[in-house]
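Welcome! Take a moment to turn the structure around on your screen, and then let us walk through it together.

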Amino acid sequence: MPFVNEFIPALDVEKYGVKAIDEKFVVGGTSARQWTANRQEDIFLRNVARGGGAESEIRNQTIWTLHWHGDLLMLRLDLLDATGSPGEPGWSHWKLIWLNGSNGLPEHLRQYKNQIIEDLKTALAAYQGAGAYSAAYSDYSITLEIGEECML
């Protein structure tokens with residue numbers, strides 16, 4: 001089953017503890033109610049915080065949760081570039097700055113790091129820059145760069 005962008009069903013808000021996760025982000029918690037999901041593989045990618053302000057170094061910083069086969073991972077991804085219009089191909093260039101802060105993957109997941117990165121790339125391509133609000137691109141691709149400082 002491929003990744004799809006969807007609004008989080010009420011039953012999944014409870015099942016995956018979304019409200020408790022929300023409280024960890026932004027002052028007063030996040031209100032992100034969409035994710036990019038592959039239910040068959042039990043993988044959910046959700047943008048929970050975006051940088052603000054006029055400076056691109058801050059504005060393009062994003063924090064995500066990646067629920068991967070029962071484990072919840074926190075990611076910081078910076079959007080370096082993006083392009084595309086409805087009906088045309090779209091593209092975005094992301095940089096993974098950190099995973100679980102500076103701790104990297106938990107020990108029991110380190111053997112799966114390549115698969116986790118591939119699943120992240122596939123989910124970001126499905127996300128298309130805006131998840132459930134994405135434009136109707138004819139095709140969408142991503143480039144994912146791993147930052148030098150990023151511990152996997």
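**A guided walk through the fold**

We can begin at a turn: strand 5 and strand 6 form a hairpin with five residues between the strands, and Gly-84 there takes a positive phi near 135 degrees. Keep in mind as you look that this is a predicted model. Along this hairpin, strand 5 and strand 6 run antiparallel and are paired over eight bridges. One place to see the pairing is Asp-78, whose bridge partner in strand 6 is Lys-95.

Strand 5 also takes part in another hairpin, this time with strand 4, and here two residues lie between the strands. In that turn, His-69 has a positive phi of about 50 degrees. Strand 4 and strand 5 are antiparallel, joined by eight bridges. If you look for Thr-65, you will find Met-74 of strand 5 as its bridge partner.

Now step back to the whole sheet. These strands belong to an open sheet of seven strands, in the order 1-2-3-4-5-6-7, with mixed pairing. Its edges are strand 1 (4-7) and strand 7 (139-146), each of which pairs on one side only. On average, and ignoring direction, neighbouring strands are turned by 35 degrees against each other. In general, strands of a sheet pair through backbone hydrogen bonds, in either a parallel or an antiparallel way.

Elsewhere in the sheet, strand 2 (residues 34-38) pairs with strand 3 (residues 43-50) in the antiparallel sense, over three bridges. Within this pair, Ala-37 stands opposite Phe-44 of strand 3.

Against the sheet packs helix 4 (residues 113-127), which touches strand 1, strand 2, strand 3, strand 4 (61-68), strand 5 (71-83), strand 6 (89-99) and strand 7. The direction of helix 4 makes about 140 degrees with that of strand 7.

Next, let us turn to the charged side chains. Side chains of opposite charge can pair when their charged atoms come close. The count of salt bridges here comes to seven. One of them joins Asp-12 and Arg-39, at 2.5 Å from N to O. Asp-12 lies in helix 1 (residues 10-15) and Arg-39 in the loop between strand 2 and strand 3, so this pair ties together parts that are 27 residues apart in sequence. Asp-12 counts as buried because its relative accessibility is 8%, under the 20% cut-off. Arg-39, at 33%, counts as partly exposed. Together with Glu-6, Asp-12 and Arg-39 are linked in a network of salt bridges.

Asp-78, which we met in the sheet opposite Lys-95, also forms a salt bridge with Arg-76, and their closest N and O atoms are 2.8 Å apart. Asp-78 is buried at 10% relative accessibility, and Arg-76 is buried too, with a relative accessible area of 17%.

Helix 4 carries a salt bridge of its own, between the side chains of Glu-118 and Lys-121 (3.4 Å, N to O). Glu-118 and Lys-121 are three residues apart in helix 4, so about one helical turn separates them. Glu-118 is partly exposed at 39%, and Lys-121 is partly exposed at 29%.

Finally, how confident is the prediction? The mean pLDDT of the protein chain is 89, and 93% of its residues reach 70 or more. Confidence is highest in helix 4, at 96, and lowest in helix 3 (residues 56-59), at a mean of 73. Where pLDDT is low, the predicted coordinates should not be read in detail.

Methods: Residues are numbered from 1 along each chain as its sequence is written. This is a predicted model: local features need pLDDT of at least 70, side-chain atom pairs count only at pLDDT 80 or more; totals for chains, interfaces and linings use all residues. Side-chain values use heavy atoms; hydrogens and water are left out. Two strands pair if DSSP finds at least two bridges between them. Helices (H or I, at least four residues) and strands (E, at least two) are DSSP runs, numbered from the N terminus. Axes are lines fitted to C-alpha atoms, for helices over the stretch in contact, and angles run from 0 to 180 degrees between N-to-C directions. Contact means heavy atoms within 4.5 Å. pLDDT is the predictor's confidence in each residue, from 0 to 100. A salt bridge is a side-chain nitrogen of Lys or Arg within 4 Å of a carboxyl oxygen of Asp or Glu. Buried means under 20% relative accessible area, exposed over 50%, partly exposed in between (1.4 Å probe, protein chains only).
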